[in-house]
Amino acid sequence: MIVTKSWLNEWIDLHDISTEHLLRTLNSIGLEVDSVRNYAIPSKIVFGHVLECERHPDADKLSVCKVDIGTSVRQIVCGAANVRTGLNVVVATVGAVMPSGLVIKPVKLRGVDSEGMICSASEIGLESFAEGILELDESLGKFELGQEVSMNPIFGDDIIEIELTANRGDCLSIRGVARDLSAALNRPMREQQPFEDEDRKVGIGRILSLTHDKDLEINLRFKAIDLQELKIPFVVRLRLAQIGETRETDIESLMLYATHSSGVILRAYEYDYFCQEGEQIARVELKDDENGYTTLYGTKKASTIGIIQEDEAKVKVNEGTILLEASYIEPETIAKKMHEKKIKSGPMYYRTSRGSEPELNIGLDFVLNLITANSRSSVYGGTVEYCDNYENTIVTISKEEIDSFIGMSIDKAKITKIFKNLGFETSKSQANNFVVSIPRYRHDIVNKQDLVEEIVRLVGIDNIQSKPFTFTEANRTTDDFDLYKKRRTYRHKAAQSGFFESVHFVFDDKKFLQEQGFATTKEELELLNPIVNTLDTLRPTLMCALLKAASMNAKNGYKQVKLFEVGSVFSPEREESLKMALLFSGDESQQSIRNAGRPKKVDFGFFVQKIADVIGRFDLIEAVPTHKLAHLYQYAHIVIDGEVVGELFKLDPTLQESLDLDETFVCEIEFSKLPYGLKVAKESSKFQASLRDLSLLIPKNMSFGRIRTLIEESVQAEELVSFYPVDIYEDDSLGENKSLSIRFVLQSSQKTLQEEEITQIMESILSALKENLGVGLR
């Protein structure tokens with residue numbers, strides 16, 4: 001948004017406010033200044049008046065002018081086509097140094113003396129907005145011949161560009177920015193002259209009729225003008241150039257200027273565009289089009305309100321009868337419709353979608369005063385209008401709430417003054433409760449927090465006392481947060497053990513899953529619109545996706561693949577649960593000098609140890625797989641604290657080969673059953689532990705699980721800390737038996753165990769094994 005100090009001064013008195021003060025104020029109230037530029041017109045450039053203008057005797061394109069510069073009359077040769085007697089102009093006198101570096105000196109041009117230069121806009125550092133020299137008029141205000149041009153507020157202006165946030169559409173006009181400055185500086189807005197309709201004028205109702213649908217979400221107001229001899233004032237042309245906007249006709253330029261000044265969306269239409277052949281009255285029809293946009297029709301479509309005006313309906317000449325339209329539509333309404341059904345938009349759509357000025361009379365009065373002051377035009381009496389039903393938003397807030405939000409006490413009278421300066425109605429407030437009626441142009445104010453933000457904005461964030469932070473919030477730890485921490489802990493453990501996280505869609509290939517023996521989602525609960533054919537069901541397992549990822553890595557030349565994932569899986573009834581899966585394929589380690597470049601392949605025991613590094617201690621029990629991924633003879637259930645929590649297995653050789661994988665091991669665990677919580681310290685004996693090994697001769701079909709269960713149930717010795725298998729030996733000489741070596745750890749918390757005590761415990765173990773399982777020493 002571009003404003004100038006002199007332009008703002010037309011809406012609010014800033015004569016005693018310096019540019020630096022103005023910039024600080026804008027920044028403090030949230031209207032961030034992006035850039036500022038000052039016109040630095042050099043000295044010795046003054047106002048002049050052309051007394052005489054004659055053709056140069058020796059050059060057709062030059063004119064010899066007598067120019068009054070107050071203190072004297074100078075002869076100046078000028079090459080501009082628009083120079084003529086009676087013009088007020090800008091003159092660079094002898095000795096002036098132009099912005100381009102040119103020094104003005106007395107010269108002779110084709111034999112005629114010239115003492116100075118009559119200047120164009122670009123020659124004195126202004127934006128170029130017209131051909132030839134500057135033609136000054138009354139819009140500059142009072143000036144004296146010979147006065148330095150830089151002393152005039154229009155020529156010594158500051159151009160300020162403001163970066164607005166998306167919700168501050170009310171500041172997309174000079175009036176809107178001035179309104180915020182009025183609140184910040186605590187000074188009133190200047191009263192604008194309303195346009196006075198004369199009673200004897202022909203009423204607009206005689207030349208214009210409006211028909212419309214019911215319940216349209218817009219506000220419209222029409223005026224009619226007989227346009228004659230319109231001339232655009234100098235200041236208007238200059239300011240349109242400053243904001244970088246141009247229009248093809250003078251009336252379109254004035255409408256744009258009035259919109260930028262007042263914030264009201266204004267358009268001009270050809271009157272004849274709405275007249276049917278043979279009729280003397282314009283008929284305007286207002287209705288929703290096929291896309292739901294409110295549209296204005298004449299003989300054909302004239303405009304989509306708030307979006308775009310048809311080129312055929314625009315005013316193309318500066319004479320004749322025209323219709324002026326002021327419009328307002330809620331920004332939420334138009335933005336929502338544009339999102340639902342996007343159509344081509346015009347330059348005013350940006351303003352309407354951000355929030356324009358709803359007080360339509362402000363814009364109409366402004367532009368009508370401007371037109372009548374700069375033309376011989378006549379205005380038809382009255383207006384034709386359409387208004388929607390609207391009630392201001394009401395927000396109630398107490399002073400206690402305001403002080404609590406801000407963190408300091410703000411005087412009640414100051415709060416009331418801020419609301420009043422912002423245009424917020426508080427007449428229904430009582431005691432320490434503010435009942436605030438929000439004006440329509442502040443559509444961004446909807447709740448208490450928004451009101452507090454306005455107070456802070458105008459009090460000034462730098463004026464809010466800083467206080468040390470005090471954490472008083474109650475502990476809000478939830479199950480979701482605990483799950484997040486648990487998930488993060490196990491993910492980190494897996495990564496620390498060398499596994500790489502692989503994240504996949506919660507969808508999988510239904511055909512492949514069924515081939516591998518997994519139960520998939522029931523048909524009546526199946527996905528209706530899969531993203532691709534190979535992701536057409538909710539996954540019941542993480543393992544298939546990991547295997548496909550491992551296969552891709554192997555095909556890319558990786559000799560070792562270690563992957564894991566923690567994610568959701570779904571039952572056939574679409575019940576969701578969380579699982580963790582890990583996969584190890586290929587070499588146990590990277591090639592190195594330690595393994596002579598030929599590392600061992602991963603095996604069952606190695607993989608079990610890697611899983612233990614991640615999830616901690618667990619037991620394995622022999623089981624039969626329920627799917628076809630697993631090797632029939634290398635499959636086990638994972639048991640923690642006596643509960644089955646998952647499965648661990650070697651990949652089926654046939655599937656392994658089809659996926660181009662080397663030796664591959666996989667495990668999948670129900671995440672909810674993994675231990676997590678506070679770690680409780682346990683007493684540890686300071687006395688020496690003793691180790692004893694027993695080599696037992698057992699049947700080949702006997703599992704260690706049976707032996708462990710028997711020992712745990714039969715031997716009631718506190719000194720037996722733990723025991724675990726350390727070796728299995730099979731030989732033909734053993735027949736149908738095998739040798740299992742078990743290591744026992746014995747330790748007392750009271751003393752160092754004597755050999756006799758150790759022997760007694762070991763004999764009780766052997767006795768229990770012999771009596772119950774028929775197992776003895778090898």
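A431 is exposed, with a relative accessible area of 62%, a value that passes the cut-off of over 50% used for that label. The model you are looking at is predicted, so please read every value here as computed from it. You will find A431 in the loop between α10 (412–421) and β22 (433–438). Its backbone deserves a look as well: phi of A431 is near 45°, a positive value in a residue other than glycine. As background, most residues other than glycine have a negative phi.

A second residue of this kind is D660, which has a positive phi of about 60° although it is not a glycine. D660 lies in the loop that links α16 (653–658) and β31 (664–670). Is D660 buried or partly exposed? With a relative accessible area of 49%, D660 is partly exposed, because that label covers the range between 20% and 50%.

The loop of D660 leads into β31, and β31 belongs to a sheet worth walking through. Seven strands form this open sheet, in the order β23-β26-β27-β31-β30-β29-β28, and their pairing is mixed. At the edges stand β23 (500–501) and β28, each with a single partner strand, so one side of each has no neighbour in the sheet. In general terms, strands of a sheet pair through backbone hydrogen bonds, either parallel or antiparallel.

Let us start at the β28 edge and move inwards. Strand β28 (residues 619–622) is joined to strand β29 (residues 630–640) by 4 bridges, and the two run antiparallel. Here E622 stands opposite A636 in β29. Next, β29 pairs with strand β30 (residues 643–651) in the antiparallel sense over 7 bridges. Two places help you line these strands up: I638 has G646 of β30 as its bridge partner, and I640 has E643 of β30. What connects β29 and β30? The two strands form a hairpin with 2 residues between them, and D641 in the turn has a positive phi of about 55°.

One step further along, β30 is joined to β31 by 5 bridges, again with the strands running antiparallel. F649 has V666 of β31 as its bridge partner. Helix α15 (residues 604–615) packs on this sheet and touches β27 (576–586), β28, β29, β30 and β31. The direction of α15 makes about 135° with that of β27. How much of β30 is covered? The strand is mostly covered, with 7 of its 9 residues buried.

Now turn to another sheet, this one with 3 strands. It is open, has the order β1-β10-β2, and its pairing is antiparallel. The edge strands are β1 (2–4) and β2 (32–38), each of which pairs on one side only. From one strand to the next, the twist averages 25°. Strand β2 and strand β10 (residues 158–163) run antiparallel and are joined by 6 bridges; at one position S35 stands opposite E161 in β10. Helix α2 (residues 19–28) packs on this sheet, where it touches β2 and β10, and its direction makes about 160° with that of β2.

Helix α2 also has a helical neighbour. The axes of α2 and helix α3 (residues 174–185) come within 10 Å and cross at roughly 95°, which makes α2 roughly perpendicular to α3. The contact is made by H21, L22, T25 and L26 of α2, together with V177, L181, A184 and L185 of α3. Which kinds of residue make up the contact of α2 with α3? They divide into 6 nonpolar, 2 polar and no charged.

A further helix pair can be described in the same terms. The axes of helix α9 (residues 399–406) and helix α11 (residues 448–459) come within 10 Å and cross at roughly 70°, and α9 and α11 are therefore roughly perpendicular to each other. Their crossing is right-handed. On the α9 side, the contact is made by E401, I402, F405 and I406, while α11 contributes K448, Q449, V452, I455 and V456. The residues of this contact between α9 and α11 divide into 6 nonpolar, 1 polar and 2 charged.

How values were computed:
Residues are numbered from 1 along each chain as its sequence is written. This is a predicted model: local features need pLDDT of at least 70, side-chain atom pairs count only at pLDDT 80 or more; totals for chains, interfaces and linings use all residues. Side-chain values use heavy atoms; hydrogens and water are left out. Axes are lines fitted to C-alpha atoms, for helices over the stretch in contact, and angles run from 0 to 180 degrees between N-to-C directions. Angles under 35 degrees count as roughly parallel, over 145 as roughly antiparallel, 65 to 115 as roughly perpendicular and the rest as oblique. A crossing is left-handed if the near helix is turned anticlockwise from the far one by less than a right angle, and right-handed if clockwise. Contact means heavy atoms within 4.5 Å. Ala, Val, Leu, Ile, Met, Phe, Trp, Tyr, Cys and Pro count as nonpolar, Asp, Glu, Lys and Arg as charged, and the others, Gly among them, as polar. Two strands pair if DSSP finds at least two bridges between them. Buried means under 20% relative accessible area, exposed over 50%, partly exposed in between (1.4 Å probe, protein chains only).
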